[in-house]
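Q: I'm new to this one, and I'd like to go through it with you. Could you take my questions one at a time?

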Protein chains: 2
Amino acid sequence: MLIVPEREIADLLTRDASFDAVEKVFAAMAAGDAYNFPVIREAIGHEDALYGFKGGFDGKGLTLGLKAGGYWPNNLEKRKLINHQSTVFLFDPDTGKVSAMVGGNYLTALRTAAASSVSIKHLARRDAKVMGMIGAGHQATFQLRAALEQREFEKVIGWNYHPEMLPNIEKIANEAGIPFEAVPLEGMVEADVVISITSTFAPTVMANHISAGTHIACMGTDTKGKQEVESALLAKSTVFTDEVAQSISIGAN
Amino acid sequence: MLIVPEREIADLLTRDASFDAVEKVFAAMAAGDAYNFPVIREAIGHEDALYGFKGGFDGKGLTLGLKAGGYWPNNLEKRKLINHQSTVFLFDPDTGKVSAMVGGNYLTALRTAAASSVSIKHLARRDAKVMGMIGAGHQATFQLRAALEQREFEKVIGWNYHPEMLPNIEKIANEAGIPFEAVPLEGMVEADVVISITSTFAPTVMANHISAGTHIACMGTDTKGKQEVESALLAKSTVFTDEVAQSISIGAN
């Protein structure tokens with residue numbers, strides 16, 4: 001079997017390869033060839049951790065397995081470890097034997113970035129010029145970097161609940177040679193594409209923050225109870241999702 | 001981290017140690033310190049396999065993780081591999097990092113045997129003399145071997161849907177120096193302790209097959225739809241279970 005430690009992933013997986021993999025699996029899911037199992041996510045009552053399993057089967061790509069792990073909110077402060085910790089386990093779909101164990105942290109970052117990036121490729125307007133970021137944490141940098149490869153963006157605008165984190169995404173914009181501007185939420189009306197990647201439990205993105213025709217990739221809601229987007233905005237949108245069952249129960253991711 | 005391949009387990013884990021572990025975790029569950037997560041079990045539509053995850057957390061023993069795998073019914077015939085295939089993954093409950101990967105096949109056999117054995121120790125009458133086996137497959141041999149250590153049994157009686165498999169368990173009885181007798185289901189009235197370990201979806205053990213005061217360990221029902229024991233028998237029994245939520249939804253295991 002293959003054992004791929006976390007430290008090797010960055011040298012093995014490119015943004016292009018993860019984009020390609022996510023695009024293919026979304027297509028396989030739409031065709032009914034691949035699906036996710038119900039998600040297990042448990043507050044285990046220790047270290048305030050959320051732990052669980054996200055499994056699935058791609059019957060066409062013959063990929064079977066799960067990601068196990070979760071969110072340990074005290075990791076960084078107590079142990080200088082990242083709070084999100086996950087490991088991917090693959091199984092041989094012909095025999096049920098375990099076939100690979102793969103560090104899942106960087107993989108998750110790239111995969112999550114690829115997911116919104118695939119949605120932008122296929123759903124955002126072709127002539128999008130202004131990229132809007134709601135959220136400026138660690139994962140937001142991955143989302144933005146991947147998003148900027150999908151259109152000829154001329155400006156990035158960003159908002160974050162903690163504005164002192166905005167330099168995280170400003171740096172990514174600048175690396176791509178694109179100017180960055182911090183805006184209030186109302187300023188998002190200028191965006192042609194918006195990615196929301198926050199951890200809020202209260203709606204933040206209101207209907208009047210978003211212009212008609214704008215593509216929003218809602219990436220932050222990965223747990224029951226989380227909500228980024230006001231219901232009124234959802235109600236007037238055309239909604240696309242990778243998996244309905246998961247989206248209506250716990251959100252995305 | 002620890003990686004323990006399947007072939008090493010038999011030399012590492014004894015029946016006594018697995019009995020002890022299962023007894024401790026049942027006590028921890030009863031005390032509210034340990035619990036199982038909801039079980040995922042999916043017919044993946046490939047090789048007729050059932051695949052899924054059984055996870056849980058023992059907050060007292062600080063053991064966190066899951067067993068992943070399932071049932072590949074064509075393994076033995078097609079590939080000379082056992083049909084039940086599983087792997088155990090443990091995680092550090094303080095950090096969420098994976099800490100161990102352990103072959104789960106022999107582990108499952110010993111654990112399942114320990115479960116009924118613990119129930120016999122604590123719930124069967126002290127002076128039990130006749131041990132009854134309903135089922136005579138591979139796992140039945142593990143159940144019987146462990147059960148025989150719990151009381152001074154003087155006879156083993158057995159029934160199996162395919163009687164040609166009864167020598168499997170006769171052999172175990174004889175190894176323990178105890179005579180074996182094949183009986184019809186009606187003959188089970190003689191038993192003081194019964195273990196049912198079949199894969200039936202229709203009730204097999206009827207109320208009139210079991211005498212008052214007999215302890216039955218129902219081990220075969222591990223999936224929605226399976227049933228070993230007639231409702232009328234359950235209705236007149238005193239029922240004990242490791243976990244109510246799991247027992248009323250998918251059965252034991």
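A: Gladly, and a term comes first: a salt bridge here is a side-chain nitrogen of Lys or Arg within 4 Å of a carboxyl oxygen of Asp or Glu. By this rule the count comes to 24 salt bridges over all chains, and please keep in mind that this is a predicted model.

Q: How many salt bridges are there between chain B and chain A?

A: Between chain B and chain A the count is 0 salt bridges, although the interface of the two chains does have 10 residue pairs in polar contact, both residues being at pLDDT 80 or more.

Q: Which parts of chain B touch chain A, then?

A: At least two residues each come from β3 (40-43), β4 (50-58), β5 (63-71), α3 (75-79), β6 (84-91) and β7 (98-103) of chain B, and β5(B) gives the most, with 5 residues. Sorted by class, the side of chain B that touches chain A has 22 nonpolar, 9 polar and 6 charged residues.

Q: What area is buried between chain B and chain A, and how many residues are in contact?

A: About 3100 Å² is buried between chain B and chain A, and carbon and sulfur atoms give 71% of that area. In terms of residues, 37 of chain B are in contact with 37 of chain A.

Q: How are the two copies related?

A: A turn of 180° with a shift of 0.0 Å along the axis lays chain B on chain A with an RMSD of 0.0 Å, and the copies are thus related as by a two-fold rotation axis. Of the interface residues of chain B, 100% are also interface residues in chain A, so the copies meet through the same surface.

Q: Back to the salt bridges: which partner does A:Glu23 have?

A: A:Glu23 pairs with A:Lys121, and their closest N and O atoms are 2.7 Å apart. Because A:Glu23 lies in helix α2 of chain A and A:Lys121 in helix α4 of chain A, the pair ties together parts that are 98 residues apart in sequence. A:Lys121 itself is partly exposed, with a relative accessible area of 30%.

Q: And where do A:Lys60 and A:Asp33 lie?

A: A:Lys60 is in the loop between β4 (50-58) and β5 (63-71) of chain A, while A:Asp33 is in the loop between α2 and β2 (34-36) of chain A, so this pair ties together parts 27 residues apart in sequence. Their side chains meet in a salt bridge at 4.0 Å, N to O. A:Lys60 is exposed at 63% relative accessible area, whereas A:Asp33, at 29%, counts as partly exposed.

Q: What about A:Lys171 and A:Glu175, how many residues apart are they?

A: They are 4 residues apart in helix α6 of chain A, and so separated by about one helical turn, and their side chains form a salt bridge of 3.3 Å, N to O. Elsewhere, A:Glu47, A:Lys78 and A:Arg79 are joined into one network by salt bridges that share partners.

Q: New topic: how many residues of helix α5 of chain B are buried?

A: In helix α5 (residues 138-147) of chain B, 8 of the 10 residues are buried, so this helix is largely enclosed by the rest of the structure. Among the buried residues of α5(B) are B:Phe142 and B:Leu144.

Q: What do the buried residues of α5(B) pack against?

A: They pack against α2 (15-30), α4 (105-123), β8 (130-134), β9 (155-159), α6 (167-175) and β11 (193-196) of chain B.

Definitions and conventions:
Residues numbered from 1 in each chain as written. Chains lettered and ligands numbered in written order. Predicted model: local features only at pLDDT ≥ 70, side-chain atom pairs only at ≥ 80, totals over all residues. Heavy atoms only, no water. Contact = heavy atoms within 4.5 Å. Buried area = accessible area lost by both parts, 1.4 Å probe. Polar contact = N/O pair within 3.5 Å; in protein donor to acceptor, adjacent residues only side chain to side chain. Nonpolar A, V, L, I, M, F, W, Y, C, P; charged D, E, K, R; others polar. Least-squares fit on C-alpha atoms with pLDDT ≥ 70 in both. Buried < 20%, exposed > 50% of the residue type's maximum accessible area, 1.4 Å probe, protein only.
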